[in-house]
Each structure stands twice: as structure tokens, then as C-alpha cells.
Amino acid sequence: MRQSQLFTKIERNAPKDETTANAQLLSRAGFASKLMAGTYSYLPLGLRVLRKIENVVREEMDALNAEEILMPMLHPKSIWTATGGWDKIDVLFKLKSRTEKEYALGQSEEEVVVPLVMKYVMTYRDLPRAVYQIHWKFRDELRSKSGLLRGIEFLMKDMYSFHENQEDFDQFYARAKESYLKIYKRLGLVAKATEASGGSFTEKISYEFMVLTDAGEDDILYCDACDYCVNIEVAKCEEGSVCPKCGEKGLAKARASEVGNVFDLGQKYGKDFDLSFVNRDGKKQHAIVGCYGVGISRLMGVIVEKYNDENGILWPEAVAPFHVHLLALGGVDGEEMYKTLQTAGVEVLYDDRDASAGEKFAEADLIGIPWRIVVSSKTGDGMVEIKRRGEKETKVVTIQEAIKIVKRENV
Ligand code: ATP
Ligand code: MG
């Protein structure tokens with residue numbers, strides 16, 4: 001993409017009302033723009049990042065044999081009264097039509113997905129099943145001050161699985177947990193799986209996936225010697241306690257952001273909607289249901305919180321909007337290099353604007369694309385200067401060598 005075609009422009013200063021690094025940098029660099037607290041427009045660069053995160057998550061959900069669907073965001077009141085959520089869930093957005101009909105905006109989709117899937121599940125032979133969607137959620141959150149970390153409208157991946165018995169559920173649950181850890185790793189993050197109680201509807205164990213960051217809103221205790229981690233809200237131990245898992249001394253305390261969550265919902269939703277299937281004994285039974293969320297837009301914010309320096313963002317390769325930022329300096333034509341990179345399958349943002357070298361360098365650092373490639377009168381014929389974002393060292397190489405360097409990083 002040619003930078004001159006982007007309708008967004010870099011802003012020198014961060015908006016005064018944004019206090020977190022993710023909101024400031026994403027806004028200045030033209031990735032996202034705030035409409036009001038908790039809602040953002042995703043601009044061309046930002047949408048590319050969001051789609052990349054989505055696709056990593058999608059690949060891992062597909063690997064679990066979950067099927068992708070898309071469900072309505074606008075729900076009738078009746079399904080929310082059936083489960084008790086209409087009165088109990090304080091973040092539920094409720095609206096009324098001009099004919100006085102009442103609706104809710106989806107804050108999660110159990111109320112839609114359980115009747116939907118159970119419509120097709122007659123006997124145990126139709127199980128197990130898992131479906132997921134990547135879609136917007138609405139929650140009437142009290143505080144939305146952390147940029148993409150807490151929206152009142154935000155993008156979530158939500159998967160739901162259906163099982164004939166606990167054993168089958170447990171097996172899938174363990175696989176889903178592993179796939180979550182893989183997702184975060186692919187996105188360049190280290191996520192810790194905390195054990196937490198199951199929230200308002202169930203006391204079964206759930207896992208929250210936490211990434212350490214001061215911009216987060218959760219406090220956790222974790223062990224350095226093993227993978228033990230717990231949310232302080234529910235913890236029986238405290239900072240400095242002996243690890244209940246491995247016996248090592250000194251649990252550490254940290255702030256974290258929850259980037260995903262898996263729940264065993266048991267048979268609640270089957271009971272609420274009176275939906276059952278015929279089991280192996282020929283009897284009617286409710287399915288065991290699990291739900292599995294990933295905060296896609298929150299992840300984009302968390303990645304920026306983890307990967308930034310005084311000059312801007314440093315996108316991990318897997319989610320970077322482009323692999324290469326090509327800068328043509330001093331009136332030199334970078335067109336041929338741009339075409340060569342594109343032909344080689346490299347995603348490239350080409351800064352073809354008429355701007356000073358200083359300005360182009362500063363903006364490239366702010367945008368944070370992993371590789372910067374410069375063509376100028378200094379680099380010489382057929383040669384380019386290549387530099388990794390965040391590193392000082394530059395190298396002058398042929399364009400073919402540059403492509404090799406970039407691609408090695410991408411595999
Ligand atoms: P939190 O404790 O942060 O409010 P939650 O427990 O309410 O999260 P879930 O209902 O399990 O979250 O939603 C699944 C995932 O969606 C969360 O793990 C988180 O990553 C993301 N998420 C939840 N609420 C928000 C929000 N307001 N803005 C952005 N992402 C969110
Ligand atoms: Mg919440």
C-alpha cells in the first residue's frame with residue numbers, strides 16, 4: 001500500500017483524554033480513533049492488525065474442529081428472561097423499539113447459541129459439537145478508560161462446545177486450554193492460565209488467561225518456579241505465600257489483563273431452555289456446554305502495551321500491519337523496489353510521500369512495522385538499507401538479500 005493513499009495522518013500529540021500507551025499510540029499513529037469512551041473506529045492500519053489477530057484465533061479454532069458462524073447482536077428480551085440474565089447481568093444493554101418491544105444487545109451469546117445448536121442435536125450421535133463466531137459485543141461497563149482494553153463495544157471470539165458427558169467435555173476443555181496458550185504465543189504474548197471460580201452462574205472451575213501489564217485491571221498472584229497463577233479476587237493465598245502447587249516460596253503479585261476465558265457451564269442452559277437429546281441409555285438428557293472467549297480488540301491493546309518504546313509501537317511479526325516499511329528519501333524513486341517486494345509476496349507500506357527523511361523515520365518508528373527498508377541517493381544502485389524496528393544496526397544489502405532477511409523472519 002502507498003502511504004500517500006492513506007486517508008489518516010500521523011498526529012504529533014496524543015489526545016489529552018487518553019492515558020494509556022495503547023490508546024495514545026494507536027490514536028497518534030492512525031490505527032484507531034475514539035468515537036466516545038469505550039468505542040473506537042478501526043482505521044486502515046488498525047483493521048489490518050485486528051484481522052491478523054482474528055486469523056490467528058480462527059486458525060486455532062478451526063484446528064479444534066469448531067465451525068465458524070455469525071449470530072445476531074440484537075436479541076429478543078425473551079431469551080434473556082429465560083436464563084435470568086435480563087435482571088441479573090448489570091452490563092446488559094437493553095433497548096426498546098418504537099412499538100415498545102424490548103431487546104438486548106449481545107454481551108455474550110449463550111442465549112442464542114444453545115437453542116440454535118440444540119435444534120440439530122437429536123441424539124448422542126450428534127455430539128460433540130463446537131461452534132464459534134468473531135463478532136462485536138456490547139457491555140454497559142462503568143469505566144472505559146484503558147483504550148482498547150475495555151470497550152463498551154468490543155470484538156470477541158466466542159466459542160461454545162456441546163458434549164454428552166463430563167468426560168468428553170473435560171477432554172475438549174483441556175484441548176481448548178492448550179489451543180489458547182498457543183494463540184497467545186503466536187501473538188507474541190506470554191499468558192498465564194489462572195484458576196478462578198466460575199462467575200455468577202456456576203461454581204465450576206474456569207480459567208482466565210492473563211498477560212502481565214500495568215494497564216490491566218486484574219491483580220494476580222503467580223509462581224516463578226511453576227505455572228501456578230491465581231486471580232487475587234478469589235485467591236486463598238497472598239503475596240509471598242508458599243506456592244500451593246509446587247511448594248516454592250514467594251508468590252509474586254502483578255497487574256494483568258484478561259485476554260481470554262474458558263468456562264464449564266454445565267447443564268444450566270439446556271435446563272433453562274428445556275432442550276435435551278437422547279443419550280446412550282435412550283433417556284432424555286441436557287448437554288454439557290462450555291464457553292470460550294478471547295478478547296480480540298483487547299488483545300490489540302495489550303500487544304501495544306507490551307511492545308512499545310519512547311518512539312512508538314513495535315509490532316510482533318504475526319500481527320504487524322505490514323512486514324516492511326519502504327521509505328524513499330530525497331526524491332529518489334522507490335517504485336521499482338516497491339514492486340519487487342510485492343512480487344516477492346512481502347506486505348509493504350511504501351512511504352512515497354514528499355516529506356523529509358527525519359519526518360519519515362519518526363513516523364515509521366511510531367507506526368512500528370518490523371522492518372524498515374530505505375532507498376536513497378546514499379544507498380547506491382540496486383541497494384537498500386535495512387533495519388529492524390527497535391534495533392540500531394543498519395545494513396546495506398541488495399533488494400534480494402533484504403527480501404531473504406525479511407522472509408526468514410516471517411516463517
Ligand atoms: P473482565 O473481567 O475483563 O470484565 P470478563 O470476565 O467480563 O472480563 P468474559 O465475559 O469472559 O470477560 O469475555 C471474554 C473475553 O472478552 C475476556 O477474557 C476479555 O478478553 C474480553 N473482554 C471482556 N470484556 C471486555 C471489554 N469490556 N472490552 C474489551 N474486551 C473485553
Ligand atoms: Mg466483565
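**Two domains, a pocket and a ligand**

Student: Which domains supply the lining of the second largest pocket?
Tutor: A pocket here is an open set of 1 Å grid points, over the protein atoms alone, where a 1.4 Å probe fits with protein on both sides within 12 Å along at least five of seven lines; lining residues have an atom within 4 Å of a point. The lining draws at least three residues from each of two domains, whose bounds come from an automatic or database assignment: domain 1 (11-309) and domain 2 (322-409).

This is a predicted model: local features need pLDDT of at least 70, side-chain atom pairs need 80 or more, and totals for chains, interfaces and linings use all residues. Residues count from 1 along each chain as written, chains are lettered from A and ligands numbered from 1 in written order, and side-chain values use heavy atoms, without hydrogens or water.

Student: Which element gives the most to that pocket's lining?
Tutor: Helices are DSSP runs (H or I, at least four residues). Both α1 (21-28) and α10 (357-367) give two or more residues to the second largest pocket. With five residues, the top contributor is α10.

Student: Now ligand 1: which strand gives the most to its shell?
Tutor: Strands are DSSP E runs of at least two residues, and shell residues have a heavy atom within 4 Å. β8 (153-163) and β13 (252-266) each supply at least two. With four residues, the winner is β13.

Student: Which side chain has a polar atom 2.8 Å from a nitrogen of ligand 1?
Tutor: Polar contacts pair N or O atoms within 3.5 Å. R150 sits 2.8 Å from a ligand oxygen, and N261 is 2.9 Å from an oxygen too. For the nitrogen, the partner is E141.

Technical notes: A polar contact is a pair of N or O atoms within 3.5 Å; within protein, one must be able to donate a hydrogen and the other to accept it, and residues adjacent in sequence count only if both atoms are side-chain atoms.
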